[in-house]
Every structure is written in structure tokens, then in C-alpha cells.
Amino acid sequence: MTSEKKILHIVPGGHTDVITGKDCHWNVFRVCNSTAMDCNAIAEVLMSKFGKKWFFLTPDYAYGHSVQGQFVKRLEAAGGTWNGALAPVGTTDFSAHLIKANPTRRKC
């Protein structure tokens, strides 16, 4: 709508990468960090402290997909492996997902 009306669209809290990435329009200006920025800032530290075999329990919406995608990109580039589960928004019982994270029950 803002593109059609030719007005500036300032995004104060949309962290998903597509906002100023592949779906960006000429009038969009992001004032917050992106998920790529967040992941680039912390991925190396996490891998050095916790290893390169990760399990993601990710909220199933745009931000969750974006942040997991950026971490997976960094992890795989470093030779790491991962597995994961998507938790629907509003999930209050994570036990079924956490069982999948048990390293004795899964293989990356």
C-alpha cells in the first residue's frame, strides 16, 4: 500500500530478512536489525561454546523461519548439522518437540 501511494514505509520492528531483501520495495527503510545481522553476530560464539550439532525448536511464522534459516546457513557453512521442529504459534506444551531434541533419540 505504501509503495502504491508513493510514501516512505519505515519498519521499526520487522526483523525478517525479506522486508529489505528479496521482497523489498523502493520506499522501505528498516530501522531495526535483521535476522541475518543477529545470526552473524552470535553464530560463531554459539558454535565454539556448544558445538556444531544443533536442534532448533522454531516458532512457525515468518520471524522463526527467517532466524532459523540464517542460523542453518552459518551452521552448514561451518560443517555443522542440525535437526528441528516447528512449534505452532500459541503452543504451550513443548514436550513432544523436546523429546525429538533428545540426542539419544535422534541423529543429525
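Here are a few friendly notes on this predicted model, to help you find your way around it.

1. **The core.** A good place to start is the largest nonpolar core, which has nine residues: C39, A43, M47, W54, F56, V67, F71, V72 and L75. Three elements, α1 (35-50), β3 (53-59) and α2 (62-77), each bring at least two residues to this core. Of these, α2 gives the most, with four residues.

2. **A43 and its partners.** Within that core, A43 is a handy residue to click on. Setting aside residues up to four places away in sequence, A43 touches W54, F71 and R74. Two of these partners, W54 and F71, are listed in the core as well. The other one, R74, comes up again in the next point.

3. **The salt bridge.** How many salt bridges does the structure hold? There is one, and it joins the side chains of R74 and E44, with an N to O distance of 2.8 Å. This pair ties together distant parts of the chain, as R74 sits in helix α2 and E44 in helix α1, 30 residues apart. Both ends count as partly exposed: R74 has a relative accessibility of 22%, and E44 has 45%.

4. **The cysteines.** If you go looking for disulfides, you will find zero. C39, a member of the core, is buried, because its relative accessibility is 0% and the cut-off for buried is under 20%. The nearest cysteine sulfur to that of C39 belongs to C32 and is 14 Å away, and C39 is in no disulfide. C32 counts as buried too, at 13% relative accessibility.

5. **A buried serine in a loop.** Is S34 buried or exposed? The residue lies in the loop between β2 (28-30) and α1, and S34 is buried, because its relative accessible area is 9%, while buried means under 20%. Leaving out neighbours within four places in sequence, S34 is in contact with H15 and D17.

6. **A nonpolar patch on the surface.** Finally, turn to the outside of the model. Which residues make the nonpolar surface patch of about 400 Å²? They are L8, I10, F29 and V31. Among them, F29 lies in strand β2. With a relative accessibility of 46%, F29 counts as partly exposed.

Conventions:
Residues numbered from 1 in each chain as written. Predicted model: local features only at pLDDT ≥ 70, side-chain atom pairs only at ≥ 80, totals over all residues. Heavy atoms only, no water. Core = buried A, V, L, I, M, F, W, Y, C linked by side-chain atoms within 4.5 Å. Buried < 20%, exposed > 50% of the residue type's maximum accessible area, 1.4 Å probe, protein only. Contact = heavy atoms within 4.5 Å. Patch = residues over 30% accessible without salt bridge, like charges linked within 9 Å, V, L, I, M, F, W, Y side chains within 5 Å. Areas by Shrake-Rupley, 256 points an atom, 1.4 Å probe, with all protein chains shown as cover. Salt bridge = Lys/Arg side-chain N within 4 Å of Asp/Glu carboxyl O. Disulfide = S-S within 2.5 Å.
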